[in-house]
Amino acid sequence: MSTTNLKLTTTSVDVPYYKEQNNEVSLFEYAHQHHLPILIKGPTGCGKTRFIEHMAKKLNKPLYTVACHDDLTAADLVGRHLIGPEGTYWQDGPLTRAVREGGICYLDEVVEARKDTTVVLHPLADDRRVLPLERTGELLDAHPDFMLVVSYNPGYQNLLKGMKPSTKQRFVALSFDYPEKEVEQQILMSEANVEGHLAFTLVELAQALRRLEQNDLDEVVSTRLLIYAAKMMSSGMDPLEVCKCCLAEPLSDDPETIKALMDIARIYFDG
């Protein structure tokens, strides 16, 4: 069967679309059943966050997503005392709410957070499953349905921001990558509502651009960018303009590199 003739697989409107690649849905369900934390590794825009959104809806669990950054502290996760009209009161952070309610707490790019966050993550990521709240003196036992999920992009790691082996070994780990061609074509058809031929051509272009990873590109074109491009093209925008603003410009600031990327795009969309 030609890859241009793939049929779109639909899912419930309540569950965000996600196309499974390597049995990760079953693995996630088994980990949840046994109260095990999950670590997801993968490049930018390959579907890590969408996968977690899909699984939270599928399991009917509240999802607390935290985009980690350099200034994120343990207090941002567990909570802090605030001052209100009636005095000081305690407000739970997203991690504490998930622990109390039995939700999924997803820490995106966890290696970006400050190191003191590991103090609260370690006892939640082993058989203790407890969250110490130093400022209130509480020691919370995690709700049976609570699940801790963290992710990071191995390409961004360096000596200062790598995840410690002692932390990695507390998680069930999954490696994500960009989907196979037919899977990625189905994703574009579903997410951007485009015809198979356009999705096929964009995926072929992405494959060509990804082969340039070792040639002055810090990152390659992601599935997320392909979805952006498919949406713009489906609304009538000139394909080459779309390729420049959605695929070439986000990958490089160097004019010569952008020109080289556009030379490849013209092979697929010129005329």
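This passage walks through the largest pocket, the cysteines and two backbone positions of a predicted model.

A good place to begin is the largest pocket, which holds about 500 Å³ of space. Its lining is made up of 24 residues, and those closest to the centre of the pocket are Gly-45, Cys-46, Gly-47, Arg-50 and Arg-224. Several elements each give two or more residues to this lining: helix H2 (48-58), strand S5 (104-108), helix H7 (181-192) and helix H9 (223-234). Among these contributors, H9 gives the most, with five residues. Sorted by class, the residues that line the largest pocket comprise nine nonpolar, nine charged and six polar ones.

The cysteines come next. Across the whole structure, the search for disulfides finds zero. Two cysteines help to illustrate this result. For Cys-105, the closest cysteine sulfur belongs to Cys-68 and lies 8.4 Å away, so the two are too far apart for a bond. Cys-105 is also buried, with a relative accessibility of 0%. Cys-243 likewise takes part in no disulfide, and the nearest cysteine sulfur, in Cys-246, is found at 8.3 Å. A disulfide calls for two cysteine sulfur atoms within 2.5 Å, a cut-off that helps in reading both of these distances. Cys-243, at 2% relative accessibility, counts as buried; the term applies because this value falls under 20%.

Finally, two positions along the backbone deserve a look. Most residues other than glycine have a negative phi. Against that background, His-35 has a positive phi, near 60°. To find His-35 in the model, the reader can look at the loop between helix H1 (24-33) and strand S1 (38-41). The residue His-35 is partly exposed there, its relative accessible area being 36%.

Arg-129 is the other position, with a phi that is again positive, near 50°, in a residue other than glycine. This arginine, Arg-129, also sits in a loop, this one running between helix H5 (117-121) and strand S6 (130-133). What sets the surroundings of the two residues apart is accessibility: Arg-129 is buried, at a relative accessible area of 13%, whereas His-35 is partly exposed at 36%.

Note on methods:
Residues numbered from 1 in each chain as written. Predicted model: local features only at pLDDT ≥ 70, side-chain atom pairs only at ≥ 80, totals over all residues. Heavy atoms only, no water. Helix = DSSP H or I, 4+ residues; strand = E, 2+ residues; numbered from the N terminus. Buried < 20%, exposed > 50% of the residue type's maximum accessible area, 1.4 Å probe, protein only. 1 Å grid on protein atoms, 1.4 Å probe; cavity = no way out; pocket = protein on both sides within 12 Å on 5 of 7 lines; lining within 4 Å. Points joined across faces, edges and corners; volume = space filled by probe spheres on them. Nonpolar A, V, L, I, M, F, W, Y, C, P; charged D, E, K, R; others polar.
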